[in-house]
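Dear colleague,

Please find the structure below, handed over for your own inspection. A summary of what was found follows it.

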Amino acid sequence: MRAWTIALALALSATLAVASALAQRGDAPRLTGSQPLPSSSPAPSLAEPVTDVGRQMRNYPEQPPVIPHDIEGYQLTLQTNACMTCHKRQYVERSGAPMISITHFQDRDGQMLADVAPRRYFCTQCHVQQTDAQPLVENLFVDMLELSGSAN
Ligand code: HEC
Ligand code: HEC
């Protein structure tokens, strides 16, 4: 057997071992529910968006802020960006929405553009709406202010 075949076999068995260990731990419920994989179960209903709490504190400074309003039906395609009808620099006076971050005008070389940079065009790549969905596993996140003892 060639060396690469052996390496491949080793990698494959290592992956299988990890996968079966994860399956046995069973600490994260599967998104598909408790039914065994081959059987089909009815899709759970979509979670309700949370829209009545206003802008949310960020958990760390670089966090993309979560979307505090409904985005149902807002088109986000190559031709249309509904988000920018409120969040564009020219429109915020009228809409009352916060302007997109200054970082969103920069291309990957740090060059400032007149409008949103292509790499920031698809807003929901990074910004998510909050819903009333319950976390699948306990959240152990600790804010860095608490860690450093300088909270509030
Ligand atoms: C009709 C106008 C309008 C449209 C369209 C709109 N927004 Fe907003 N957005 C707002 C307003 C107004 C706020 C501020 C809400 C507040 O202060 O409670 C806001 C807040 C936000 C925030 C929170 C910013 C922060 O600093 O906390 C994000 C993120 C956001 N919107 C993203 C989006 C995305 C993504 C889309 C498109 C899918 C979108 N918005 C479409 C008006 C709009
Ligand atoms: C590649 C990820 C990414 C994409 C795509 C993106 N954002 Fe952001 N956004 C962020 C991050 C990270 C922050 C917070 C840090 C910063 O300011 O860059 C942010 C901040 C914001 C803020 C808060 C600005 C402020 O000064 O408080 C708004 C509003 C916003 N984004 C709207 C949008 C809209 C609208 C779009 C689509 C046109 C969009 N973002 C696309 C990552 C992204």
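How far from an oxygen atom of ligand 2 does a polar side-chain atom of R58 lie? In this predicted model, the distance is 2.9 Å. Two other side chains also place a polar atom by an oxygen atom of ligand 2: that of S101 at 2.5 Å and that of T103 at 2.6 Å.

The surroundings of ligand 2 comprise 23 residues, and S101, H104, C123, C126 and H127 are the closest of these. Sorted by class, this shell consists of eleven nonpolar, seven polar and five charged residues.

Ligand 1 has 21 residues around it, the closest being R55, H69, C83, C86 and H87. Three of its polar contacts may be of interest to you. The side chain of R55 has an N or O atom 2.8 Å from an oxygen atom of ligand 1. H69 brings a polar side-chain atom to 2.8 Å from a nitrogen atom of ligand 1, and for H87 the distance from a polar side-chain atom to a nitrogen atom of ligand 1 is likewise 2.8 Å.

Where do the ligands sit with respect to the pockets of the protein? Ligand 1 sits in the largest pocket, and the space taken by ligand 2 is the largest pocket as well. The volume of this pocket is about 940 Å³. Its lining is made up of 36 residues, with P65, H87, P98, I100 and H127 nearest the centre. By class, the lining of the largest pocket divides into 20 nonpolar, eleven polar and five charged residues. Two residues named above recur here: H87, which is among the closest to ligand 1, and H127, which is among the closest to ligand 2, both belong to the group nearest the centre of the pocket.

I turn lastly to the aromatic side chains. How many aromatic pairs does a search of the whole structure find? The search finds one. Its members are Y121 and F122, whose ring centres are 4.9 Å apart; the planes meet at 85°, which is over 60 degrees, and the pair is therefore edge-to-face. As for the accessibility of the two residues, Y121 has a relative accessible area of 18% and is buried, because that value is under 20%. F122, in contrast, is partly exposed, because its relative accessibility of 35% falls between 20% and 50%.

With kind regards

Terms used:
Residues are numbered from 1 along each chain as its sequence is written. Chains are lettered from A and ligands numbered from 1 in the order in which they are written. This is a predicted model: local features need pLDDT of at least 70, side-chain atom pairs count only at pLDDT 80 or more; totals for chains, interfaces and linings use all residues. Side-chain values use heavy atoms; hydrogens and water are left out. A residue is near a molecule or strand if one of its heavy atoms lies within 4 Å of it. A polar contact is a pair of N or O atoms within 3.5 Å; within protein, one must be able to donate a hydrogen and the other to accept it, and residues adjacent in sequence count only if both atoms are side-chain atoms. On a 1 Å grid over the protein atoms alone, a cavity is a set of points where a 1.4 Å probe fits but cannot get out, and a pocket is an open set with protein on both sides within 12 Å along at least five of seven lines; lining residues have an atom within 4 Å of a point. A molecule sits in a cavity or pocket if more than half of its atoms lie within 2 Å of its grid points. Ala, Val, Leu, Ile, Met, Phe, Trp, Tyr, Cys and Pro count as nonpolar, Asp, Glu, Lys and Arg as charged, and the others, Gly among them, as polar. Grid points are joined across faces, edges and corners, and a volume is the space filled by probe spheres set on the points. Rings of Phe, Tyr and Trp (its six-membered ring) pair if their centres lie within 6.5 Å; planes under 30 degrees apart count as stacked, over 60 as edge-to-face and the rest as tilted. Buried means under 20% relative accessible area, exposed over 50%, partly exposed in between (1.4 Å probe, protein chains only).
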